[in-house]
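Okay, everyone, thanks for coming. I'd like to spend a few minutes on charged pairs, so let me put the structure up.

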Amino acid sequence: MQIEQTGTRPESEIPTPPGATVRVLGGFYEGLDVPLEGDWTVIGRGRSADLVLAEPTISRCHAALGFDGESFFVQDLGSTNGTKVNGVSEPRRNLSDGDELELGKIRLLVRLPH
C-alpha cells in the first residue's frame, strides 16, 4: 500500500501495547471505536488510509497515530486543515489517555492502556 506522507514512520522493535483505541465523537461516524493495533495508523479520506473517514475537511492522508516503542503519538501528514490535540495545533505530539484530536471537522477521543 502506497501512503502519501510528509513524516517518517517510526521503527520500533517493541510491540504496540494492546487496548489503545480512538473513538469518533461526532457526525456520521459518531461512536465508531477503532483499535490501534499496529505501530502506524494513517487516518484520512483516501483509499490508501488505514482508517478512512469520508469527510471533506480531512485530507486523503491527514494524520497518523503511532507507537514509537515508548509512547503513542499523533503526527500530521501535511494536511490542509491541520491536526489539533486538545485544541492546540502541532505537527507531532505524544498522546495521553483522554486526549481529544481534531482532524478537520472530525473529533476523536484517544483511549490508551495504562
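Let's start with a quick one: is Arg-111 buried, partly exposed or exposed? Have a look at the side chain before I tell you. Right, Arg-111 comes out as partly exposed, at 39% relative accessibility. Keep in mind that this is a predicted model.

So who does Arg-111 pair with? The partner is Asp-97, and the closest N and O atoms of that salt bridge sit 3.4 Å apart. This pair links distant parts of the chain: Arg-111 belongs to strand S11, residues 106-111, while Asp-97 is in the loop between strand S9 (92-94) and strand S10 (100-103), 14 residues away. Asp-97 is partly exposed too, with a relative accessible area of 35%.

Overall, we have five salt bridges in the structure, and I'll show you two others. Asp-33 pairs with Arg-23, with 2.6 Å between the closest N and O atoms. Again, distant parts of the chain are linked: Asp-33 is in strand S2 (residues 33-35) and Arg-23 in strand S1 (residues 21-24), ten residues apart. On accessibility, Asp-33 is partly exposed at 38%, and Arg-23 is partly exposed at 36%.

Then there's Glu-90 with Arg-93, where the closest N and O atoms are 3.6 Å apart. That counts as a salt bridge because the cut-off is 4 Å. Glu-90 has 31% relative accessibility, partly exposed, and Arg-93 has 25%, also partly exposed.

As a general reminder, side chains of opposite charge can pair when their charged atoms come close. Okay, over to you for comments.

Methods. Residues are numbered from 1 along each chain as its sequence is written. This is a predicted model: local features need pLDDT of at least 70, side-chain atom pairs count only at pLDDT 80 or more; totals for chains, interfaces and linings use all residues. Side-chain values use heavy atoms; hydrogens and water are left out. A salt bridge is a side-chain nitrogen of Lys or Arg within 4 Å of a carboxyl oxygen of Asp or Glu. Helices (H or I, at least four residues) and strands (E, at least two) are DSSP runs, numbered from the N terminus. Buried means under 20% relative accessible area, exposed over 50%, partly exposed in between (1.4 Å probe, protein chains only).
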